[in-house]
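Visitor: I am new to this structure and would like a close look at a single part of it. Please pick one helix, and tell me what surrounds it and how its charged side chains pair up.

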Amino acid sequence: MERLPLRKKNLLQTAATVSTVAFSVAFSGAIAQNYNPTNNTVGQLGVEIPGLGADDPVLSAEEFERGKEIFFERCAGCHGVLRKGATGKALTTDLTRELGYDYLHSFITYGSPAGMPNWGTSGELSEEDIALMAKYLLVDPPQPPEFGMPDIRESWNLIMPPDQRPTAKINDIDIDNLFSVTLRDTGQVALIDGGTYEIKAVIDTGYAVHISRMSASGRYLYVIGRDAKVTMIDLWMDPPA
């Protein structure tokens, strides 16, 4: 059977990385510690956790840091940094404390037909980490740090100054039929020709890449990772990079 070529107007492109913008969000960098175990005991939060008494903290400071790391890497992309929901449901403490530890533990372990991964039965998370995450969801999430425009500008890494960029497209790639394919776990995007299915380039971008967007002009491809790093790729340059 003949393969039909993929067509997608200006969806993707290949080129050299021109500049990157990186800034920290919750869980990805230094965050002011706002978790105090003595203010988050089982009794204070009104929850029940096997093996813990009313005066025991739900999590130690070390466990909280571990939970923060796991949530950022595994959960924040769907449930949101502040757990207010995105493609996944909200996991704010007014909801999780009502559901309770046992429910959360089972849900993390077995997942759901709606798209929640079965982190336990798949072996992706250990029993220890599942128990930790069920407790982590019972305490309030850390707040992201302030990161304004001056901080963003300071983080810029300019690779190719504007006056050194080509004034016209210098490659022979059909940029109207090129796809940006996310390689999330490697922090890359693959640029693939929609007609030949040939991989034109694999470009390093950022941690857990989520989004590829074209500029209004059609010249630049912006790639955004979960670490909030933005990579701008010039689609006119040759070779792809």
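Guide: What follows is a walk around helix 5, with a few stops further along the chain.

Please keep in mind that this is a predicted model, where local features need pLDDT of at least 70, side-chain atom pairs count only at pLDDT 80 or more, and totals for chains, interfaces and linings use all residues. Residues are numbered from 1 along each chain as its sequence is written, and side-chain values use heavy atoms, with hydrogens and water left out.

Let us begin with the helix itself. Helices are DSSP runs of H or I with at least four residues, strands are runs of E with at least two, and both are numbered from the N terminus. Helix 5 spans residues 127–136, and eight of its ten residues are buried. Here, buried means under 20% relative accessible area, exposed means over 50%, and partly exposed is in between, using a 1.4 Å probe and protein chains only. The covered residues are Asp 129, Ile 130, Ala 131, Leu 132, Met 133, Ala 134, Lys 135 and Tyr 136.

What lies over them? Helix 2 and helix 4 are included in the cover.

Take helix 2 to begin with. Two packed helices are described by the angle between their axes and the distance between the axes. For helix 2 and helix 5, the angle is about 95 degrees and the axes are 9 Å apart. Each axis is a line fitted to C-alpha atoms, for helices over the stretch in contact, and the angle runs from 0 to 180 degrees between N-to-C directions. Helix 2 is therefore roughly perpendicular to helix 5, a label used for angles of 65 to 115 degrees, while under 35 counts as roughly parallel, over 145 as roughly antiparallel and the rest as oblique.

The two helices touch through a set of side-by-side residues, where contact means heavy atoms within 4.5 Å. On the helix 2 side you will find Glu 63, Phe 64, Arg 66, Gly 67, Lys 68, Ile 70 and Phe 71, and they meet Asp 129, Leu 132, Met 133, Lys 135 and Tyr 136 in helix 5. Sorted by class, this contact holds six nonpolar, one polar and five charged residues. In that sorting, Ala, Val, Leu, Ile, Met, Phe, Trp, Tyr, Cys and Pro are nonpolar, Asp, Glu, Lys and Arg are charged, and the others, Gly among them, are polar.

Now for the charges. Side chains of opposite charge can pair when their charged atoms come close. A salt bridge is a side-chain nitrogen of Lys or Arg within 4 Å of a carboxyl oxygen of Asp or Glu, and by this rule the count is eight. One of them joins Asp 129 to Arg 66, at 2.8 Å from N to O. This pair links distant parts of the chain, since Asp 129 sits in helix 5 and Arg 66 in helix 2 (residues 61–79), 63 residues apart. Asp 129 counts as buried at 12% relative accessibility, whereas Arg 66 is partly exposed at 33%.

Another salt bridge is formed by Arg 219 and Asp 234, whose closest N and O atoms are 2.7 Å apart. Arg 219 lies in the loop between strand 6 (209–214) and strand 7 (220–225) and Asp 234 in strand 8 (residues 230–234), so this pair ties together parts that are 15 residues apart in sequence. Arg 219 is buried, with a relative accessible area of 11%, and Asp 234 is buried too, at 0%. Back at our helix, Asp 129 and Arg 66 belong with Glu 69 to one network, joined by salt bridges that share partners.

The other named neighbour is helix 4 (residues 101–110), whose buried residues are Tyr 101, Leu 104, His 105, Ile 108 and Thr 109. These cover an arc of only 130 degrees around the axis, so they are on the same side of helix 4; the arc is that of the directions from the helix axis to the C-beta atoms. They pack against helix 3 (93–99) as well as helix 5. On the other side of helix 4, Asp 102 and Tyr 110 are exposed. Just after helix 4 comes Gly 111, with a positive phi of about 70 degrees.
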